[in-house]
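Grab a pencil and work through the exercises below, with the structure open beside you. Each task comes with a solution in steps.

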Amino acid sequence: MILELNGMYAGLRFASAHIVFGHDTCGVIHGHSYYVDVKVCGAPSGEFGFICDFKVLKKIVKDICGKLDHKLLIPENHPNLTYSINGDYIEFTFCKGEKVKEYKIPLEDVAILPTTSTTAEELSKYFAEIIKKELQALNLNSSSIYWVETTVNEGIGQGASYRATMEH
Ligand SMILES: [Zn+2]
């Protein structure tokens, strides 16, 4: 059985800026209003016959959205990016072939993510892995949850999905 949260209707959203480094049109700083849809597959169990309490799941997703909201998203593991943190600033350089771009941004303006990029693809994986870990840490019926799937939508009608299988 699948439990489903629709990001647009459940208020699972964030507005952030990002850069798809090296891309001809998306390689500049630009932003999106993101919506995060979540599916949890499992067997109903416990006193109430829940797969997972909606309230618990929504809080996990909202907390992640809150960390990204109104920030410039920076991927920590991008192969063509070097960065250093100096005082209250992050300085990073994108370097690929002839193309070199340098940035200096206040730390409070950024969210540094443990990803290789900040595409919808990578963000959906980032969300799914955190939700999976949080559910496992809470130990909420975790043995009856099989997988968590998130879809990160860049605006309405286009998104990428990633499914994280629970480890038991
Ligand atoms: Zn974009």
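**Exercise 1. Build the sheet around β6.**

Task: find how β5 and β6 pair, then work outwards to the whole sheet and its edges.

Step 1. Start with β5 and β6: they pair in the antiparallel sense, over six bridges. Strands and helices here are DSSP runs (E for strands, at least two residues; H or I for helices, at least four), numbered from the N terminus, and two strands pair if DSSP finds at least two bridges between them. A quick word on what you're looking at: this is a predicted model, where local features need pLDDT of at least 70, side-chain atom pairs count only at pLDDT 80 or more, and totals for chains, interfaces and linings use all residues. Residues are numbered from 1 along each chain as its sequence is written.

Step 2. Pick out some partners. Thr82 stands opposite Thr93 in β6, and Asn86 has Tyr89 of β6 as its bridge partner. The β5-β6 hairpin has two residues between its strands, and Gly87 there takes a positive phi near 60 degrees.

Step 3. Cross to the other side of β6 (residues 89-96), which runs antiparallel to β7 and is joined to β7 by eight bridges. Phe92 stands opposite Tyr103 in β7. In the β6-β7 hairpin, again with two residues between the strands, Gly97 takes a positive phi near 60 degrees.

Step 4. Put the pieces together: you get an open sheet of three strands in the order β5-β6-β7, with antiparallel pairing. β5 (81-86) and β7 each have a single partner strand, so one side of each has no neighbour in the sheet. On average, neighbouring strands are turned by 15 degrees against each other, direction ignored (axes are lines fitted to C-alpha atoms, for helices over the stretch in contact, and angles run from 0 to 180 degrees between N-to-C directions).

Step 5. Check the cover on β7 (residues 99-106): of its eight residues, zero are buried. Buried takes 20 or more other C-beta atoms within 10 Å of a residue's own, exposed means 12 or fewer, and partly exposed is in between, with C-beta atoms placed from the backbone.

**Exercise 2. Take apart the largest nonpolar core.**

Task: which elements give two or more residues to the largest nonpolar core?

Step 1. Define a core: buried Ala, Val, Leu, Ile, Met, Phe, Trp, Tyr and Cys residues joined through C-beta atoms within 7 Å. The largest one has 33 residues, and Val36, Val38, Val40, Val61, Phe127 and Ile131 have the most contacts inside it.

Step 2. List the contributors: β3 (30-42), α2 (54-68), β4 (72-75), β8 (110-113), α3 (120-138) and β9. The most comes from α3, with seven residues.

Step 3. Zoom in on Val38. Beyond its neighbours within four places in sequence, Val38 is in contact (C-beta atoms, placed from the backbone, within 7 Å) with Leu5, Leu57, Val61, Ile131, Val148 and Thr150.

**Exercise 3. Place Glu149.**

Task: is Glu149 buried or exposed?

Step 1. Locate Glu149: it is found in strand β9 (residues 145-154).

Step 2. Count around Glu149: there are 20 other C-beta atoms within 10 Å, so Glu149 is buried.

Step 3. Name the company. Leaving aside neighbours within four places in sequence, Glu149 is in contact with Lys39, Ala128, Ser161, Tyr162 and Arg163.

Technical notes:
Contact = placed C-beta atoms within 7 Å.
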